[in-house]
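Q: Please take a close look at one loop residue and its surroundings, and then explain how the neighbouring sheet and its core are put together.

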Amino acid sequence: MGFKVLIVEDSKSSREFIAAAVESISGVEAITTASGFEALRLLPRHRFDLIITDINMPDINGLELINFVKKTPQHCDTPLFIITTEGRDQDRERGMKLGAVEYLVKPFQPASLERLLRHYLKLA
């Protein structure tokens, strides 16, 4: 059985970078979207094993998205990562309080993301 990871990132280059790191793991598929609004349209139609979101996006920001996901029975237990340029402690605390399990600040090393993905997807 394969794993599906939803990536919500408005920057095309960041979205492609994150997707490449996700798909470097055998059996893991990246589903990408450029906005929180698009993610809200995908969530009811798919089961995701993990969600990665940016904070700063033009329509629905990542924190609003996390808040919605955590209140949705289908996805309330889905691990959420935040990958963002926002490195302030207050941003990290707010994201974790809303339900994110990991918070990575850009730029980051793909190996760090791969290690976290393997841990949360319970892959060797």
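A: D49 lies in the loop between α2 (36-42) and β3; helices (H or I, at least four residues) and strands (E, at least two) are DSSP runs, numbered from the N terminus. The model is predicted, so local features need pLDDT of at least 70 and side-chain atom pairs count only at pLDDT 80 or more, while totals for chains, interfaces and linings use all residues. Residues are numbered from 1 along each chain as its sequence is written, and side-chain values use heavy atoms, with hydrogens and water left out.

With a relative accessible area of 14%, D49 is buried (under 20%; exposed means over 50% and partly exposed lies in between, with a 1.4 Å probe and protein chains only). Residues up to four places away in sequence aside, D49 touches G2, F3, K4, T78, P79 and L121, where contact means heavy atoms within 4.5 Å. A polar atom of the D49 side chain lies 2.8 Å from the backbone nitrogen of K4. The side chains of D49 and R47 are joined by a polar contact of 2.4 Å. A polar contact is a pair of N or O atoms within 3.5 Å; within protein, one must be able to donate a hydrogen and the other to accept it, and residues adjacent in sequence count only if both atoms are side-chain atoms.

The strand that follows this loop, β3, belongs to an open sheet of five strands with parallel pairing, in the order β2-β1-β3-β4-β5. Two strands pair if DSSP finds at least two bridges between them. At the edges stand β2 and β5 (102-105), each with a single partner strand, so one side of each has no neighbour in the sheet. Between β3 and β4 there are three bridges, in the parallel sense, and T53 has I82 in β4 as its bridge partner. The helix α1 packs on the sheet, touching β1, β2, β3 and β4, and its direction makes about 165 degrees with that of β2. Such axes are lines fitted to C-alpha atoms, for helices over the stretch in contact, and angles run from 0 to 180 degrees between N-to-C directions.

The largest nonpolar core has 20 residues, of which V5, I7, I18, V22, I52, L113 and L117 touch the most other members. A nonpolar core is a set of buried Ala, Val, Leu, Ile, Met, Phe, Trp, Tyr and Cys residues joined through side-chain atoms within 4.5 Å. With four residues, α1 gives the most to this core.
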